Amino acid sequence: PRHCLSICPLPGWQQEAQKLTFLASICSICSTTSVDSTVWDMLYFCQLEVVETIEVLLQEEPADHLGTAVRQQAMLAVTSMSRVGLLLQEKTSSFLHTCFCSIFRLPPQEDTQGPEASLYSKTLAAMDSMLQVLVRSAGTLSILELQNILQLLLPFTTSRLAAVRERAMARIARLANFITTYPLLQVCPCFAQATILRHQCSKTQQFVMLGRLVGHLTLCCTCKDKGTRHEATEALHHLHTFILQQRRRWPWLRDTGQLQLQEGWQVRQPWQLLQNNCASRIFLMFVKYLQLSDQVDIILMAIKSLRAPSAYSISVAAHMVDVLVANPAFQPGQVQNVVWAIYRNLPSVRAVVALNSLDRALLVLMGKHPSEVVASLLQCSPTCTRVAVAMWKAMLSEPEAAKKVLRELLSTLMNQSLRKTSTSTKDNPRILSLAAARTISEILLQPTCLQEVEAIFPQLFLALLFQVSFTTELTLQEVHIFWKEHQQDLLTPIRSAVQSMRLLLCSMGFESQVLAIEAQGGWDALLSTQTHLMGVRIVAREIMKTPGPLHSTIFCHLAELLSVEDPTWEMIAMVFLIEMLGGTDLNEELDRALEIFPMYLQSQCLGMPSMVLRGILRLTERPDTARKTLVLLPYVMERLQGPDSDASAAALPVLGNMLQLLEGKMSSRIALALAEKLQPLFNDELNTVRELSIRLFQNTMGLVVGAEKKKMKKEVWDSLLPLLFHLHDQDKSVAKASQEALHSAGQFLKWRQLAQLADTTQAWRISECLLARNKSRAKDYLRQSQVYLQSPQEPLRREAVRFI
């Protein structure tokens with residue numbers, strides 16, 4: 001067909017005649033009852049090319065006037081093809097878009113001029129007929145085809161040209177009227193959430209555009225041009241009739257109240273409803289039929305309509321938002337969409353009624369979906385832009401909402417698990433916790449919520465401290481993701497978290513502590529991984545100068561957090577807690593610490609057992625707390641058997657102090673058990689461990705009495721050769737400790753010669769005496785000597801060879 005139409009150039013009137021002949025022939029072929037098989041087959045097999053040719057003809061029509069018969073005839077041709085099933089469904093959308101563009105966008109001033117106006121009216125009538133035939137011919141897919149047409153029409157109703165808006169809205173109104181008279185068109189009656197479980201329908205029956213259509217038509221009822229308002233009201237009237245017709249098919253869905261409203265609508269004309277300013281009332285008639293997805297679609301549309309300038313009534317759009325946001329059953333993704341829509345559109349909203357509506361929407365959503373709202377806003381603006389600050393202010397305007405905001409931000413700060421390292425701000429807790437810390441600094445500048453901040457100060461303070469610690473471990477990629485909007489600022493993520501801590505302390509009246517920490521270099525120390533723990537200790541010492549009940553609460557919260565191991569914050573929390581143990585009054589705090597220390601003495605975290613042991617050592621040195629630490633004695637002794645030399649070095653002085661606290665048989669029994677564990681430490685790689693273990697072994701000899709003394713003699717005999725070899729230790733402190741221990745061993749064994757030789761450090765004579773005193777131990781001595789052949793110290797290896 002396209003080839004036939006372009007064989008040779010013709011004058012304009014002849015070209016139009018040729019086009020009309022071509023289009024008329026299509027109508028003739030489709031309408032004849034006695035179809036010539038050859039002609040029919042030709043049309044059937046080239047139907048795609050025929051439709052594409054009609055599209056081209058429409059595109060070639062002049063755009064400066066209305067009166068062309070080709071447009072009308074094109075509608076009739078497509079209608080004829082659709083009636084006999086010769087229009088491919090997949091080609092419908094493309095053709096309809098071309099059709100709408102060709103006709104709707106014609107100059108509005110020609111709508112009522114002479115013969116062209118009559119021809120244009122006939123063309124629009126032909127279009128209405130075509131759209132109805134397209135719906136009919138779709139059969140079981142008629143609902144899908146109807147929604148496809150509506151989806152193509154709706155964008156034209158938002159055109160800047162009033163004529164385009166009115167023409168498109170009129171087509172929607174005619175379609176809405178048509179579906180009320182088409183008995184074969186059936187949709188799923190599950191308009192309301194409550195009825196979904198009663199009836200399951202297929203996708204071909206679901207009217208998924210209902211919400212978008214209702215919202216759009218309601219807003220168009222408030223449009224500035226009268227023609228569009230009238231057509232939109234007519235469309236809503238017919239749509240409501242259609243919904244009620246569908247519900248009558250299902251007895252359990254009948255609604256007497258709605259039927260009465262429908263009757264009232266039929267009595268009054270649409271323009272009467274508009275005169276009574278009933279757009280909001282009309283909308284309320286549809287609300288109960290809308291599913292959640294429909295409601296969200298309308299909310300998003302209404303929020304967009306609040307921007308200035310708006311073609312619709314801002315007050316009606318605000319009312320739609322108020323009505324629909326109150327639904328308590330939104331899904332997380334739906335809440336997120338609403339929050340994001342508010343964030344995107346808020347900069348363009350000017351009207352007070354619109355701003356108040358958005359503020360109310362945020363408060364309502366915050367009351368019912370706090371987690372989703374806070375997470376969504378943090379995702380919208382990780383660095384807390386001016387728009388985000390305005391939204392946070394709205395949610396902080398009421399005390400109950402402010403409490404929920406702060407609780408959710410606190411939860412986000414504590415959810416910075418190092419195991420989750422997504423590079424998206426949407427699902428990365430590390431990034432969101434940074435955003436929460438940044439937001440806290442903005443919230444603290446609002447005086448309206450200081451009372452709510454004070455209520456959770458201990459938890460919030462510690463969460464920000466952990467955030468500072470966590471920020472020192474961020475990857476460069478994560479810093480870039482978070483800070484890409486503020487790279488020009490000097491306020492890096494970690495400095496932002498530190499600033500939030502300072503603001504929090506100042507807002508609670510602790511300016512003196514802030515200045516004291518600064519004077520000691522604590523704030524700067526927090527910024528570096530090398531000095532971070534020192535900064536934590538400085539902060540902890542100054543927090544101990546706050547009122548007693550407050551730092552007691554902080555201590556208890558630390559203990560509560562440490563009762564469950566979490567690698568994210570456990571090291572910082574433990575440093576802080578141990579530093580707080582230096583306080584003067586320790587009652588409940590000490591008991592809480594003693595409950596959690598056993599778990600962390602067995603921790604695999606590098607440095608944790610050593611830190612806990614140093615804290616316990618401080619407690620054993622205090623008269624008011626020392627005896628209570630004895631409950632930890634078994635756990636401290638276990639640390640001597642591990643491979644961690646630092647932990648052993650920290651445990652030995654603790655055990656020395658604890659031994660002095662024991663009395664009677666308990667002291668003797670523990671000393672014997674401890675002596676058995678100390679000898680392997682004589683050969684430890686750390687000089688400190690060797691020295692402390694030897695000195696502690698020496699102390700245990702003087703504590704054993706009664707029945708344990710006989711068993712202790714065996715331990716002492718086993719220690720003699722190692723102590724002898726360590727007289728040659730390269731570390732002079734270890735050698736000195738070995739000499740004194742040998743002297744004590746001589747006294748314990750009542751072997752005067754050994755004690756005298758130890759005093760004069762005659763190692764060779766001592767070795768001879770060992771063999772002479774007890775020849776039966778020669779094999780044991782040989783076995784012990786072989787261990788020292790592997791010693792990293794050359795003097796010890798040499799002495800072992802000599803002895804062997």
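Is Lys-750 buried or exposed? Lys-750 is exposed, because its relative accessible area is 74% and the cut-off for exposed is over 50%. The notes below start from the whole chain and return to this residue later. The model is predicted.

1. Overall make-up. The chain contains 43 helices and zero strands. Of its 804 residues, 55% are buried. For a reader looking at the 3D view, the elements to follow are therefore helices and the loops between them, given the count of zero strands.

2. Contacts and surface. Among contacts with a separation of 6 or more, 71% are made by residues 24 or more positions apart. The area that the chain exposes is about 35800 Å². Carbon and sulfur atoms supply 53% of that exposed area.

3. Salt bridges in general. Side chains of opposite charge can pair when their charged atoms come close. This structure holds 20 salt bridges. Three of the pairs and one network are taken up in the next points.

4. Glu-60 and Lys-19. The side chains of these two residues form a salt bridge, with 3.2 Å from N to O. Glu-60 belongs to helix H4 (residues 47-60) and Lys-19 to helix H2 (residues 12-31), and the pair links distant parts of the chain, 41 residues apart. The two partners fall into separate classes of accessibility. Glu-60 counts as partly exposed, because its relative accessibility is 46%. Lys-19 has a relative accessible area of 12%, so it is buried; the cut-off for buried is under 20%.

5. Arg-360 and Asp-322. Here the N to O distance of the salt bridge is 2.7 Å. Arg-360 sits in helix H18 (residues 352-368) and Asp-322 in helix H16 (residues 314-325), so the salt bridge ties together parts that are 38 residues apart in sequence. Arg-360 is partly exposed, because its relative accessible area is 38%. Asp-322 also counts as partly exposed, at 28% relative accessibility.

6. Arg-777 and Asp-718. A salt bridge joins these side chains at 2.7 Å, N to O. Arg-777 is in the loop between helix H41 (763-773) and helix H42 (778-788), while Asp-718 is in helix H38 (residues 708-725), so the pair ties together parts that are 59 residues apart in sequence. Both Arg-777 and Asp-718 are buried. Elsewhere, Glu-691, Arg-695, Lys-736 and Glu-740 are joined into one network by salt bridges that share partners.

7. Ser-280. This residue is placed in helix H14 (residues 279-287). Leaving aside residues up to four places away in sequence, Ser-280 touches Val-316 and His-319. Thr-222 is 58 residues from Ser-280 along the chain, and the C-alpha atoms of the two are separated by 9.7 Å.

8. A cis peptide bond. The bond from Ala-308 to Pro-309 is cis, and its omega is near -5°. Pro-309 lies in the loop between helix H15 (292-305) and H16.

9. Cys-384. Which sign does phi have at Cys-384? Cys-384 has a positive phi of about 55°, although it is not a glycine. The residue is in the loop between helix H19 (370-380) and helix H20 (386-395). Cys-384 is buried, because its relative accessible area is 6%.

10. Lys-750 again. Lys-750 is not a glycine either, yet has a positive phi of about 60°. Its position is the loop between helix H39 (732-748) and helix H40 (752-759). Cys-384 is buried, whereas Lys-750 is exposed.

11. The positive patch. Which lysines gather with Lys-750 in a patch of positive charge? They are Lys-709, Lys-710 and Lys-713, and the patch is on the surface. A residue needs over 30% relative accessible area to be part of a patch, and Lys-750, at 74%, passes that cut-off.

12. The nonpolar patch. Leu-782, Leu-789, Val-801 and Ile-804 form a nonpolar patch on the surface. Together these residues have about 330 Å² of accessible area. Leu-782 is part of helix H42. With a relative accessible area of 38%, Leu-782 is partly exposed.

Notes:
Residues are numbered from 1 along each chain as its sequence is written. This is a predicted model: local features need pLDDT of at least 70, side-chain atom pairs count only at pLDDT 80 or more; totals for chains, interfaces and linings use all residues. Side-chain values use heavy atoms; hydrogens and water are left out. Patches are made of residues with over 30% relative accessible area and no salt bridge: like charges are joined within 9 Å, nonpolar side chains (Val, Leu, Ile, Met, Phe, Trp, Tyr) within 5 Å. Accessible areas come from the Shrake-Rupley method with a 1.4 Å probe; for residues, only the protein chains shown count as cover. A salt bridge is a side-chain nitrogen of Lys or Arg within 4 Å of a carboxyl oxygen of Asp or Glu. Lys and Arg count as positive and Asp and Glu as negative; His and the chain ends are not counted. The place of a charge is taken as NZ of Lys, CZ of Arg, CG of Asp or CD of Glu. Helices (H or I, at least four residues) and strands (E, at least two) are DSSP runs, numbered from the N terminus. Buried means under 20% relative accessible area, exposed over 50%, partly exposed in between (1.4 Å probe, protein chains only). Contact means heavy atoms within 4.5 Å.
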